[in-house]
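Colleague: Got a minute to walk me through this one? I'd like to get a feel for it before I go back to the bench.

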Amino acid sequence: MQKAEPAAALAVARDASPDEVRARFLALVKVFHPHRFARRPSDIVRLANEVFLLLRRAAQRLSEPSTAAAGDRIAILPAAASAPATVAASVAARASDISPATQPRLDVDAALARRRRNRSHPSTTNGGQASTATPPPASPETLEKVRRREEEQKGRFDTAMEDLRRGRLPSARVALRALAAESPSARPYRAYLHYVTGRMHESAGRTSEAIVEYERALGFDPDLDVAKQSRAALNGAGAAEPAGGAGRFGRWFRK
Amino acid sequence: MAGRIIGIDLGTTNSCVAVLEGGAPVVIHNQEGGRTTPSMVSWTPSGEVVVGSASKRQMVTNPSRTVFGVKRLIGRRFDSPQVGRLAATLPYQIVPAKNGDAWVRIGDRDVSPQEVSANVLRKMKQIAEDYLGEEVSEAIVTVPAYFDEVQRRATRDAGAIAQLEVRSILNEPTAAALAYGVQKQTEQKLAVFDLGGGTFDISILAIESGVFEVLATSGDTDLGGDDFDRRLIDRMLEEFALAHGVDLRTDAVALQRLKEAAERAKIELSSSLTTEINLPFLASGDGGPLHLLRELSRGELEGICRKLIDGLEGPCRQALSDAQMEAADIDQVLLVGGMTRMPAVASKVVDIFGKQPSKGVNPDEIVAMGAAVQSGMMGGELVEVVLLDVTPHALGVRVTGDRMAVVIPANTTIPTREHKVFATTDDDQSYVVIEVYQGQGERASDNRFLGRFVLGDLPARPAGRVRVDVSFTLDADGLLEVTALESESGRAASVKIEAASGLSPAELARLAAAQP
């Protein structure tokens, strides 16, 4: 049940608008809220709680353009190569008659800080073949490979722009993200990636986050007109939340 | 065939009970014709328990054995600052229980607040049974939105002692919004300003397509009508001491008379500009009996209570900010709780929200009516409406430096599940202690402790290399379950956090059985 595709869980189209997602979520909540099952046996109530959590998660994922893969925002420590977690059945906890003074404590930040100091920063030039790098003298085969690859990337970029024009922001974003990851020094990919992210924030009512993304976009391409226009529009509106859709799912995941 | 679920507003000063009839909430009046019943319990010298108006009538003659306002004690610890402040002003004695909770001493018996409230709940249950002509075994009971886990559980226990299965602990502002919104059926943003006898709640809700969604809630569980009374009482005590050199604080009967008079004067001044406080033979001095006769104006009362009134603004601003809204975004403001009848309070609301509050809401009854509406939602009579409430305080785990690592932020919609990954602090650390706290403080020890458990047999690794994934699940009733999982070994432990204080199941069973 945990792995159900978000759109399928809510029975909406994958590119449904935030309004559609919300309407669907509210309709389902009316049927599946655990309180509806209050008089049933407790295992039914438990199941109802799980179903609700699933619906909620699905609605979150579909509405919020998360910059990370599912589950990533949850982990605080950088992903280490550890064995996949086998969710064992709950084991009864041991009684705690350990004196507070000697209890080993959980610590987030100290451990993190230590790890960060010990790690070296990953290289930023893996895979990049763009203008800022000085490539070694290339053989004809390599040049051909590069040319084909750039053509293929351009194709995907055009598709992403088409998606953007048609308002299919999530698809555009996915494509731009992949492009930016493959060619980190290609500024247009990054600029548009931030622009599209900003647009998604804006349509979800998160004006301040949207402005941040437009600024970032302009950082990569100061002449990006669409970003300039969007930013101006928001600044002109005085960061007021649009009515009737403001931050609807913002509360679902406060940082 | 399941019976009816009743809705009970268990207030600090007064309680109210309602049921759903023909899809609409109906308030049930008691034998004396009152639509609310004082939340007071007395133990007469002969050992009889008296509840409600009868208890209130003997408040003055039996001050040390008449318990009122016990909602301010329920779920609290004896050594908490709130209880300390309260104990000094009450004519009945507060004592610590074995587990540190605040209990009440009646004669030679120590009684828990849960037991006191159970008497009130039982009275409300009887009122409903008399009206319905059938037995009632299930109820929705309301609490202030700002009540924490421990206070909620204690309230639920009070229901159990009264032989009522509490199907849901419902937040009072949410209940009011339900009762109001169900009648109107329009999409809107609502602010519910609930100032009762002992607590203050402000909740912001969105009503959309029959879904009542709480966006944010804030308040003060230590601010209510009783505090307004107390300011007035303190002033009168000062004046009396100055005039006659007599300190009435040690005179339980005089204190009760003053309390009664202060409450009455306060209520009168909501509709009159002046009133008279007349207490003949209040005390005796060297020259004979001493009387208290004083005029009080509305303006003077407002002056005495100015700080309390101004203190209402902070939580309102906080709630608006948490809901990411401005006052102008609010369509309607509902006033709930008797104290909102005070003109100074009502005008404070207008100051904050920039609009007149909605008329046509009975501030004393709407919460019980909302509880009745929810009983309809749970019992199946109302299907077009559903409620999405939030947890009012952050929930988290204590980490090094006594810091609070928040796992579920405040104002998160429930049910919810969140998790956070933690790391060990020592090399070869073999176990971790998960300590669960609730509250907004940065330091864990400033917050409410809910419980602890241990995850042991951790693999031996350098400090920071062992990751423990701690998952918090809050169900629709706000019951918390915490699970800790160590990913490498697959070791896991979990516990349903039931509040660390309160009554044990054995004590509960004994008390429930002892009820007549």
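Colleague: How much of chain B is buried?

Modeller: Of the 516 residues in chain B, 56% are buried. Buried means 20 or more other C-beta atoms within 10 Å of the residue's own, exposed means 12 or fewer, and partly exposed is in between, with C-beta atoms placed from the backbone. Keep in mind that this is a predicted model, where local features need pLDDT of at least 70, side-chain atom pairs count only at pLDDT 80 or more, and totals for chains, interfaces and linings use all residues. Residues are numbered from 1 along each chain as its sequence is written, while chains are lettered from A and ligands numbered from 1 in the order in which they are written.

Colleague: And what's the figure for chain A?

Modeller: Buried residues are 26% of the 255 in chain A.

Colleague: Which helices and strands does each chain have, in numbers?

Modeller: Chain B has 13 helices and 29 strands. Chain A has nine helices and one strand. These are DSSP runs numbered from the N terminus: helices are H or I with at least four residues, strands are E with at least two.

Colleague: Where does the strand of chain A come in the order?

Modeller: Reading from the N terminus, chain A goes α-α-α-β-α-α-α-α-α-α.

Colleague: Back to B. Where's the big nonpolar core, and which residues have the most contacts in it?

Modeller: The largest core has 177 residues, and B:Ile8, B:Val17, B:Ala176, B:Phe193, B:Leu205, B:Leu334 and B:Ile434 have the most contacts inside it. A nonpolar core here is a set of buried Ala, Val, Leu, Ile, Met, Phe, Trp, Tyr and Cys residues joined through C-beta atoms within 7 Å. Helix α12 of chain B (residues 366–379) gives the most to this core, nine residues.

Colleague: What does B:Ile434 touch?

Modeller: Leaving out residues up to four places away in sequence, B:Ile434 touches B:Val397, B:Arg452, B:Phe453, B:Leu455, B:Val470, B:Val482 and B:Ala484. Contact means C-beta atoms, placed from the backbone, within 7 Å.

Colleague: Now strand β12 of chain B. Why is it largely enclosed?

Modeller: Five of the seven residues of β12(B), residues 165–171, are buried, so the rest of the structure largely encloses that strand. β12(B) pairs with strand β11 of chain B (residues 138–143) in the parallel sense, over six bridges. Pairing takes at least two DSSP bridges between the strands. One bridge joins B:Glu138 to B:Glu165 in β12(B).

Colleague: What does the chain pass through between those two strands?

Modeller: Helix α4 of chain B (residues 149–161) sits on the path from β11(B) to β12(B), and this β-α-β crossover is right-handed. That's to say, with the strands pointing away from you, the path from the first strand over the helix to the second runs clockwise.

Colleague: Which strands make up the open sheet, and in what order?

Modeller: That sheet has four strands in chain B, ordered β22-β21-β25-β26, with antiparallel pairing. β22 (403–408) and β26 (448–455) of chain B are at the edges with a single partner strand each, so one side of each has no neighbour in the sheet. β21(B), residues 395–399, pairs with β22(B) over five bridges, and B:Arg398 has B:Met404 as its bridge partner in β22(B).

Colleague: Last one: is A:Asp158 buried or exposed?

Modeller: Exposed, because A:Asp158 has 11 C-beta neighbours inside 10 Å. A:Asp158 lies in helix α5 of chain A, residues 140–165.

Conventions. Two residues are in contact if their C-beta atoms, placed from the backbone, lie within 7 Å.
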